[in-house]
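Biologist: I would like a close look at one part of this protein, the open sheet and the core that goes with it. Please take me through it in one go, starting from the chain as a whole.

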Amino acid sequence: MRHKVPVIALFLVFAIALACKKEATALGEFAFLNDFEGQFGYNPHVSLGKVSHSGKAFCRMSNALEFSPAFIQQFKNISAKPFSKVRFSAYVLIPDEGTAAALVVQVWSPENNPLKVDQVNVLGSDLGTNRWKQLVLEMPLKDLLAPENQLRCFIHNPGLQNVYVDDCLVELLP
């Protein structure tokens, strides 16, 4: 009877470790996820509730937030490995048909000049209202991978209206 408790505890430890490893492997080595779970209490725009796409946390953009929390990183801080493109995806919920949002990917020079900007614009009337939809944008990185150049990925809320964001994923692909 005494051996059952340690065996079960050991099994649970291995199962949790395997589950964590599986999730990390599924995202890939150069994938960066912001599900906002760790930002509640630190970021006033992150809320908890049933409205989230996954988990409990999500970012609520409104008249106080034009740009979502962003992924901003120089290529030299990501890897010396060359990449062919970046894929940025996020789940967006728009409550009103007239509300607009944009999924944005930018590469900036060290002199703070935009080298390339790409975006996907959406309207609530096209996307559908009050439901989570995944937006995806892929941008080729040819001739943009200088180590000092900066990659920026974010959601733009040009009308300063209610837009909900969750599960932002930046993937650098070979």
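**The open sheet and the nonpolar core**

Modeller: Of the chain's 174 residues, 37% count as buried. This is a predicted model, with an average pLDDT of 87 over the chain and 84% of the residues scoring at least 70. Residues 5-25 have a pLDDT below 50, and in the model this stretch makes zero contacts beyond near neighbours in sequence. I would read nothing into the placement of that stretch and leave it aside here.

The chain holds three helices and ten strands. In sequence order they give the pattern α-β-β-β-β-α-β-β-β-α-β-β-β. Among contacts between residues at least 6 apart in sequence, 75% join residues at least 24 apart.

Now the sheet. Four strands form an open sheet in the order E4-E9-E6-E7, and the pairing is antiparallel. Its edges are strand E4 (71-74) and strand E7 (114-123), each of which pairs on one side only. On average, neighbouring strands of this sheet are turned by 10° against each other, with direction ignored.

Strand E6 is a good place to look in detail. Eight of the nine residues of E6 are buried, so the strand is mostly covered. On one side, E6 pairs with E9 in the antiparallel sense over seven bridges. Two positions let you find this pairing in the viewer: Ala102 stands opposite His156 in E9, and Val107 stands opposite Leu151 in E9. E6 is also joined to E7, again antiparallel, by nine bridges. There, Val104 stands opposite Gln119 in E7. E6 and E7 form a hairpin with five residues between the strands, and Asn112 in this hairpin takes a positive phi near 70°.

The core comes next. The largest nonpolar core has 35 residues, of which Leu141, Leu151 and Leu172 touch the most other members. The elements giving two or more residues to this core are strand E3 (57-61), helix H2 (75-78), strand E5 (85-93), strand E6 (100-108), strand E8 (133-140), strand E9 (150-156) and strand E10 (163-173). E10 gives the largest share, five residues. Leu151 therefore appears twice in this account: as one of the residues with the most core neighbours, and as the residue of E9 opposite Val107. Leu141 can be followed further. Apart from neighbours within four places in sequence, Leu141 is in contact with Phe75, Phe83, Ser84, Lys85, Val86, Val107 and Leu172. Val107 thus links two parts of the picture, as it stands opposite Leu151 in E9 and is in contact with Leu141.

Last, the cysteines. A disulfide is a covalent bond between the sulfur atoms of two cysteines. A search of the whole structure finds zero disulfides. Cys153 is in none, and the nearest cysteine sulfur, that of Cys168, is 9.4 Å away. The cut-off for a disulfide is 2.5 Å between the sulfur atoms, so the pair does not qualify at that distance. Cys153 has a relative accessibility of 2% and therefore counts as buried. Cys168 is likewise in no disulfide; for Cys168 the nearest cysteine sulfur is that of Cys59, 7.7 Å away. Cys168 is buried too, with a relative accessible area of 7%.

Notes: Residues numbered from 1 in each chain as written. Predicted model: local features only at pLDDT ≥ 70, side-chain atom pairs only at ≥ 80, totals over all residues. Heavy atoms only, no water. Core = buried A, V, L, I, M, F, W, Y, C linked by side-chain atoms within 4.5 Å. Buried < 20%, exposed > 50% of the residue type's maximum accessible area, 1.4 Å probe, protein only. Contact = heavy atoms within 4.5 Å. Pairing = 2+ DSSP bridges. Axes fitted to C-alpha atoms, helices over the stretch in contact; angles between N-to-C directions. pLDDT = per-residue confidence, 0-100.
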